[in-house]
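Grab a pencil and keep the viewer open. Here are a few exercises to work through, each with a solution you can check as you go.

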Amino acid sequence: MGSRGSTLSKIPNVDKLMQETGFSQAHIIRLHDRFRALDNDEKGYLCPQDFEAIKELAMNPIGDRIIGAFFAQGPQQETVDFNSFVKVLAHFRPTDKNRPKESTSPDPINSRTNKLKFAFQLYDQDKDGKISRDELLQVLRAMLEMQVTEEQLESITDRTIQESDTDRDNAISFEEFRKSLDKVNIEHKMSIRFLR
Amino acid sequence: MGPFYFPFDNLLCMLLGISFTVWITLLLVFIIVPAIFGVSFGIRRLYMKTLLKIFEVSARPRISSVFINKWCLSLALGIIAKEPTSLVEEMTEIRRSGSNRDLDEFEMSDIFYFCRRGLESIVDDEVTKRFSAEELESWNLLTRSNYNFQHISTRLTVLWGLGVFIRYGFLLPLRVTLAFTGVSCLVVLTTLVGYLPSGRVKNFLSETAHLMCYRICVRALTAIITYHHSENKPKNGGICVANHTSPIDVIILASDGCYAMVGQTHGGLMGFIQRAMVRACPHIWFERSEVKDRHLVAKRLSDHVQDKSKLPILIFPEGTCINNTSVMMFKKGSFEIGCTVYPVAIKYDPRFGEAFWNSSKYGMVNYLLRMMSSWAIVCSVWYLPPMSREEGEDAVQFANRVKAAIARQGGLVDMLWDGGLKRGKVKDTFKEEQQKLYSKILVGTQEDRSRS
């Protein structure tokens, strides 16, 4: 019963992973189990079809964008290994409020800025650093599809850009995105409660 | 040197002969004869109690018991705690912390809700885990359920080794022999009974033949079954519905009562058995082409049901094998016929052997071998009181009512998801539901405003 030695030995670079992501050993083991459960043909990595097989994700209006976020590490990336899988999920760890502010060390993956960056890339599909009017329209269309008319979609898009776009270039940059969400409790809304 | 071998040879033959005779006699006396008469010596229950004792002894907690308990608890709870809030509540919360705006205009932060839900379902979702075998809390000395457990102590390894020897060296050959006996008896006896003219004698003999052969098959699997509420057993002219975990469900139910089976005609050995069975009493076998025609299926079923002399039909409305932790959506076809439905709940005890058939991983023969080399199949069968469709209830609501009753009795989770999701994709209607909900929040109120 309950010996973790065998599973731990299957995961490469566990300590490095724990340090980078902040997950505990128990979490990493459970995530590894989940990774293996999703990996239908026991390939050792995940491909888009494995994600598409998750029924609740297929039901999500932006499901395919979320899947895309896993494959965004490099151009034409087609596989996700366990390390990348955990690193993406690390964005959703609740923020450590007690972390001392060290300006020399890089931001942890689950910092407010990095969470915002993750959400930003869901909008910004061509990764040019700006959410263009077209990209915003596409997201709205994904979330609302046939429930609203095209005109309504366009008017919502225009209004949103108008409010957030401070430098009047008809696109929302990351800074403008961050500013418009200044007061939103991102730490809570973009976090998943991992059990011990 | 020569003469030395002959006595040994003879001795060997004699010994083999004697042990073979003893073996066959024991088999007959302890297994086959009781099966014919439906009595039990209680050997299997004794075996089960012994096994439980052994599991307890081998799994006795040691120094790290606290740690193990916490880990087992996390297995049961899952990896994450999901917020049970709805779309509307979440959106209100997100908006409230942002600017003080009403809930009727799009905000960039709205995407957070869908994003988080999506990631939550990647980490842990309700449906995928129903299609793989249930995880055990403690090891039952079978290699196949040894995933996160590894070498703990020599004692455990020795027990495990002994277990392998007993299971594969003794139990498996015994069970395979019994299975062959059972199936061949079924074929032979039903064919013989089929030659008799229709009447009470034929029905009686056919029932006896079926019961006897199924009981032998039950012993072939070392299935220890506890039947509850036998007063609710299905009667003629009704339909018996049960939750589906494996093909063995049929054997388990049919060894306690006589049913008319429903299924597709197969070729080969299965087809041969089917043809033999249908000679003795009317089962309903469909050709592959007929299965698609729902009206034809419904008509044949209702014709059968209306004839009160025919046996109750046995149907598994989930349509596929589920891993016995939940009950998935019942297909409404059998509930449209309009006769009494006798629900039956079947719950397996996974400690002795995993009965769930993961058809995408294992073929039928592989599955049967695994069944026969487990310790035993222990299950409970509850016969629930009969139900009928009420006034103003449509087939789907009736099906859900029956499903809820079965789930409640068997201690299973009642799920709305379709078992067909094992192989098929999610219908777009589910996604549209989400979109509808969201759009109601955004646009619904906008329309009100523009109208005023």
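The exercises below deal with a predicted model, and they go from strands to charged side chains.

**Exercise 1.** Work out which strands of chain B pair with β4(B), and in which sense.

*Solution.*
- Step 1: Start at β4(B), residues 260-264, and look across to β6(B), residues 313-315; two bridges hold this pair, and the sense is parallel.
- Step 2: Pin down one of those bridges: B:Met261 has B:Leu314 as its partner in β6(B).
- Step 3: Now turn to β5(B), residues 284-286, which runs parallel to β4(B) and is joined to β4(B) by three bridges.
- Step 4: Here B:Val262 is matched with B:Ile284.
- Step 5: Trace the connection. Leaving β4(B), the chain goes through helix α9 (residues 268-280) of chain B before reaching β5(B), and this β-α-β crossover is right-handed.

**Exercise 2.** Find the side chain of opposite charge nearest to A:Asp124, and say how far away it is.

*Solution.*
- Step 1: Locate A:Asp124 in the loop between α8 (112-123) and β1 (130-132) of chain A.
- Step 2: Check the surroundings. Leaving aside residues up to four places away in sequence, A:Asp124 touches A:Gly129, A:Lys130, A:Ile131 and A:Glu135.
- Step 3: The nearest opposite charge is on A:Lys127, at 6.8 Å. A salt bridge needs the nitrogen and the carboxyl oxygen within 4 Å, and A:Asp124, although buried, has no salt bridge.

**Exercise 3.** The whole structure has 19 salt bridges over all chains. Take the ones from A:Lys87, A:Asp169 and A:Arg133 and identify the partners.

*Solution.*
- Step 1: A:Lys87 goes with A:Glu20, their closest N and O atoms being 3.3 Å apart. This pair ties helix α7 (residues 82-90) to helix α2 (residues 14-21) of chain A, 67 residues apart. A:Lys87 is partly exposed at 28% relative accessible area, and A:Glu20 is partly exposed at 32%.
- Step 2: A:Asp169 goes with A:Lys130, with 3.0 Å between the closest N and O atoms. A:Asp169 lies in the loop between α10 (150-164) and β2 (171-173) of chain A, while A:Lys130 is in strand β1, 39 residues apart.
- Step 3: A:Arg133 goes with A:Asp158 at 2.8 Å between the closest N and O atoms. That links helix α9 (residues 133-144) with helix α10 of chain A, across 25 residues. Shared partners also join A:Lys16, A:Glu20 and A:Lys87 into one salt-bridge network.

Technical notes: Residues numbered from 1 in each chain as written. Chains lettered and ligands numbered in written order. Predicted model: local features only at pLDDT ≥ 70, side-chain atom pairs only at ≥ 80, totals over all residues. Heavy atoms only, no water. Pairing = 2+ DSSP bridges. Helix = DSSP H or I, 4+ residues; strand = E, 2+ residues; numbered from the N terminus. Right-handed = clockwise from strand over helix to strand, strands pointing away. Buried < 20%, exposed > 50% of the residue type's maximum accessible area, 1.4 Å probe, protein only. Lys, Arg positive; Asp, Glu negative; His and termini not counted. Contact = heavy atoms within 4.5 Å.
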